[in-house]
Amino acid sequence: MSNEIADKVKKIVVEHLGVEEDQVKPDASFIDDLGADSLDTVELVMAFEEAFSVEIPEDAAEKIATVNDAIEYITKQKAA
Amino acid sequence: MSGSGTNRKRVVVTGIGVVSPLAVGAELTWKRLIESRSGIGPITHFDASGLPAQIAGEVPEGPTAEGGLTLSDWVPVKEQKKMDRFIHLGLAAGIQAVEDSGWKPETEEDRCATGVLMGSGIGGLKTIYDNSVAVSTGKARRLSPFFIPSSLINLTAGHLSIRYGFKGPNHAVVTACASGTHAIGDASRLIQHGDAKVMIAGGAEAAICELGIAGFCSARALSTGFNDNPTAASRPWDKERDGFVMGEGAGVLVLEEYEHAKRRGAKIYGEIGGYGLSGDAYHITAPAENHEGAYRAMQAALKDARVTPDAIGYVNAHGTSTMADDLELGAVERLFGEAVAKTSMSSTKSAIGHLLGAAGAVEAIFCLQAMRDGILPPTLNLDNPASESVIDRIPHKAKEKQVDVALSNSFGFGGTNASLILKKFKD
């Protein structure tokens, strides 16, 4: 399950930020490493919500800074 | 201005860029225009079969080298979704113009002396439509964070400034179908007033979407009788004309204070000689009686340029292929008096349709190219003029004529009128 989530997150990041797959490392920061701006991250979080059918409240979204943050948050939500 | 006897700064054009239904590229558009080619065809952007108007002038897709639009050559894929199509087209024309001018400000002072002023009549209509549909289907919390910046009219100017680091005046004009002409005129004034040395100015429009076509259909503004013969639909002054044909595209000029252009050895296409504006105070969509507002705009432009009508060798008419064509013709005849026999006038909307807020910018560029090459673009489909006139309206085929001064008209809903005088450059 977790791997499935990780793959899907990476795919969404590649699509939305226009980056190469190998750049999307677990500890890559959306803003510092992957060239996103604040609006990109809003859109990214929306894409995660849509793809995984989860709600990511704003305060949680603010803490999702890296690829791993996203995978962990979504994994936790899906397990709950 | 000729420069003598005045302290007013001269404004010259040092770069041009065009995206039109004939081609992506100023020179290829021009070449096809004077070959009497038409950019009008069936609407492909959406299924228009349920609407009275089913034709338009869409920008052709295809390789950049062949004059087609390959968007990724102008806007990185990742950025494309952050902008409506009108911004895409405005950027493609803007990039052409800036690169053509060779102007690359390298100091902070130069960056701050370079501004952008881009008009649009409508802005991101399709984006607004798509997001409205999303809201009405319960997705209000799922709208893209780029919806608003994608739709705003001034974002073409914003994106161009960000791309090149132009930190001077950043502005936008919204005067319906006069936007492109107002943008050039206003930007020239900013240079004359000393607010900037260089201004990137023009217009961009992309309103060929279901909402745009349906809206103009309801206003009874579009041609509906030529769906089976699209290239014959835009026929300014002709008896059979029955409305305008919507086009999309963008035109951008690099305007530059003359001494600045001269110092850097820039190529000069021509000069912005004069600019005139007026309002009709009459009706939201119909022009004032006898197009007297247009008359005053042209008169003001001539006065600003300190030229008399007998100097005007070419008029690029607003000429939308509607009933208003003859009113504009009448206004030109009254203003020019006897000089009317010496001038030529055409409507290039016959070939590319009506680019709304981009029209005036593209048409100003045509005036410059016409003076440069000594060739005047034709009015296609002018088989039987509804009104007789001694003015040569250049039916069907381009004609050779040396012209030193040209006049370009644009009029918009709301009763807004703008005229530009463009001059061949003389030192």
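## Salt bridges and polar contacts

Let's start where the two chains meet: in this predicted model, five salt bridges run between chain A and chain B. One of these charged links is easy to find in the viewer. Lys82(B) and Asp40(A) join through their side chains, with 2.9 Å from N to O. That distance falls inside the 4 Å cut-off for a salt bridge, so the pair counts as one.

Polar contacts add to the picture, with five residue pairs in polar contact between chain A and chain B, both partners at pLDDT 80 or more.

## The side of chain A that touches chain B

Which elements of chain A give two or more residues to the side that touches chain B? They are helix H1 (2-17) and helix H2 (38-52). H2(A) gives the most, with seven residues. By character, the residues on this side of chain A are five nonpolar, three polar and six charged.

## Extent of the interface

How many residues of each chain are in contact with the other? On the chain A side there are 14, and they touch 10 residues of chain B. Together, chain A and chain B bury about 970 Å², and 50% of that lies on carbon and sulfur atoms.

If you would like a few residues to look at, try Leu39(A), Glu43(A) and Met46(A). These three supply 46% of the area that chain A buries against chain B, more than any other three residues.

## Chain A on its own

Chain A is built from four helices and has zero strands, so reading from the N terminus the order is simply α-α-α-α. Its C-alpha trace spans about 30 × 25 × 20 Å along the principal axes.

For 80 residues, a compact globule would be expected to have a radius of gyration near 12 Å; chain A comes out at 11 Å, in agreement with that expectation.

## Chain B on its own

Chain B mixes both kinds of element, with 14 helices and 14 strands. Its C-alpha atoms fill a box of roughly 65 × 55 × 45 Å, again taken along the principal axes. The globule rule puts a compact chain of 427 residues near 22 Å in radius of gyration, and the 20 Å of chain B agrees with this.

## How confident is the prediction?

For the model as a whole, the scores are ipTM 0.85 and pTM 0.95. Chain B has an average pLDDT of 97, and 99% of its residues score at least 70. A stretch to treat separately is residues 1-5 of chain B, where the pLDDT is below 50. Even so, this stretch has 14 contacts in the model beyond near neighbours in sequence.

Methods. Residues numbered from 1 in each chain as written. Chains lettered and ligands numbered in written order. Heavy atoms only, no water. pLDDT = per-residue confidence, 0-100. Contact = heavy atoms within 4.5 Å. Buried area = accessible area lost by both parts, 1.4 Å probe. Polar contact = N/O pair within 3.5 Å; in protein donor to acceptor, adjacent residues only side chain to side chain. Nonpolar A, V, L, I, M, F, W, Y, C, P; charged D, E, K, R; others polar. Rg over C-alpha atoms; globule rule 2.2 N^0.38 Å.
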